[in-house]
Amino acid sequence: MTSRMFVCETFFKYRGPASKSGNSLFQCMKCPPNVLNKEGKEALLSCSDVSRNNLKKHLKSKHAGLVDAFEEACKTSGKKRNANCLDESGSSQPTIRESLSSKRQKTIISQTQFDELVLDYIIGSLLPIRHVDTPQFIEYSNGISSGNFKIMCRQTLAKKIDDRFQTSKQALIDILKKTSAVCTTAF
Ligand SMILES: [Zn+2]
């Protein structure tokens with residue numbers, strides 16, 4: 001990963017590494033599109049990866065009014081970028097299509113884990129036990145798991161909630177057994 005200095009894309013779009021190592025090519029977004037250089041190629045600006053001086057020079061000569069706005073944009077968005085821990089390699093956020101495609105690692109969970117998740121969801125959201133029997137919940141669960149999991153009925157759910165309660169109660173009893181004093185107002 002290169003540690004290329006952040007450059008606000010509203011002003012200059014990163015177009016890849018330049019032939020000179022340690023430099024990158026940028027397209028000025030403020031120039032009219034399809035500006036060609038002397039050789040008839042698309043005009044790109046080369047700038048060192050550790051400074052924005054060449055880009056600033058271009059702004060000064062071609063778009064003098066934008067120098068301050070550019071510096072400000074690089075400062076603020078650069079901070080945001082670092083906070084989000086995004087890399088500086090020029091790779092942008094994946095598109096929705098890319099995110100949904102098979103490139104993304106599939107998460108495989110077991111039936112037991114699925115049951116535990118349902119349990120957490122019902123308890124955490126204070127939902128009625130009969131929620132698991134609603135066609136909407138069944139449709140939702142089958143939809144997100146491609147029908148791979150058995151959805152527990154409300155009797156099973158009630159039993160599992162009771163099991164969890166007994167386990168938590170026993171764990172609490174075990175803790176309290178070992179302690180010599182308890183501050184009751186702390187609960
Ligand atoms: Zn320009």
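The four donor atoms around the zinc ion subtend angles of 104 to 117 degrees, which makes the arrangement tetrahedral. That label is given to four donors when all angles lie between 85 and 135 degrees. This is a predicted model, in which local features need pLDDT of at least 70 and side-chain atom pairs count only at pLDDT 80 or more, while totals for chains, interfaces and linings use all residues. Residues are numbered from 1 along each chain as its sequence is written, and side-chain values use heavy atoms, with hydrogens and water left out.

**The zinc site**

Which atoms hold the metal? Cys-28 and Cys-31 each offer SG, and His-58 and His-63 each offer NE2, at 2.0 to 2.2 Å from the zinc ion. Donors here are N, O and S atoms within 2.8 Å of the metal (3.2 Å for Na, K and Ca); water is not among the atoms, so sites may look incomplete. Read along the sequence, the donor residues follow the spacing C-x2-C-x26-H-x4-H. Cys-31 and His-63 link distant parts of the chain: Cys-31 sits in the loop between β2 (23-28) and β3 (45-48), and His-63 in the loop between α1 (53-62) and α2 (67-83), 32 residues apart. These elements are DSSP runs numbered from the N terminus, with helices (H or I) of at least four residues and strands (E) of at least two. Are these two donors buried or exposed? Both Cys-31 and His-63 are buried, where buried means under 20% relative accessible area, exposed means over 50%, and partly exposed lies in between (1.4 Å probe, protein chains only).

**The strands**

Strand β2 is mostly covered, with five of its six residues buried. On one side, five bridges join β2 to strand β1 (residues 12-17), and the two run antiparallel; strands count as paired if DSSP finds at least two bridges between them. Within this pair, Gly-16 stands opposite Leu-25 of β2. The two strands form a hairpin with five residues between them, and Gly-22 in the turn has a positive phi of about 85 degrees. Strand β2 also pairs with β3: four bridges join them, again in an antiparallel arrangement. Here Ser-24 has Cys-47 in β3 as its bridge partner.

**Salt bridges**

How many salt bridges does a search of the whole structure find? There are six, each defined as a side-chain nitrogen of Lys or Arg within 4 Å of a carboxyl oxygen of Asp or Glu. Among them are these:

| Pair | N to O distance |
|---|---|
| Glu-72 and Lys-75 | 3.9 Å |
| Glu-116 and Arg-164 | 2.8 Å |
| Asp-120 and Arg-164 | 2.8 Å |

Glu-72 and Lys-75 are three residues apart in helix α2, so about one helical turn separates them. Glu-72 is partly exposed at 42% relative accessible area, whereas Lys-75 counts as exposed at 51%.

Turn now to Arg-164. Glu-116, Asp-120 and Arg-164 are linked in a network of salt bridges. For the Glu-116 and Arg-164 bridge, the closest N and O atoms are 2.8 Å apart. Because Glu-116 lies in helix α4 (residues 111-124) and Arg-164 in helix α6, this pair ties together parts that are 48 residues apart in sequence. Asp-120 bridges to Arg-164 as well, its closest N and O atoms also being 2.8 Å apart. That pair likewise links distant parts of the chain, with Asp-120 in helix α4 and Arg-164 in helix α6, 44 residues apart. The three residues are partly exposed, with Glu-116 at 34% relative accessibility, Asp-120 at 40% and Arg-164 at 27%.

**On the surface**

Leu-172, Ile-175, Leu-176 and Val-182 form a nonpolar patch on the surface, and together they have about 350 Å² of accessible area. Patches are made of residues with over 30% relative accessible area and no salt bridge, with like charges joined within 9 Å and nonpolar side chains (Val, Leu, Ile, Met, Phe, Trp, Tyr) within 5 Å. The areas themselves come from the Shrake-Rupley method with a 1.4 Å probe; for residues, only the protein chains shown count as cover. Val-182 lies in the segment after α6 (154-178) and is partly exposed at 47%.

Two loop residues round out the picture. Leu-126 has a positive phi of about 55 degrees although it is not a glycine; this residue sits in the loop between α4 and α5 (135-145) and is exposed at 75%. Ser-146, also not a glycine, has a positive phi of about 55 degrees. Ser-146 is found in the loop between α5 and α6, exposed at 61% relative accessible area.

Notes. Four donors count as tetrahedral if all angles lie between 85 and 135 degrees; four count as square planar and six as octahedral if opposite donors are over 155 degrees apart and all others between 65 and 115; anything else is irregular.
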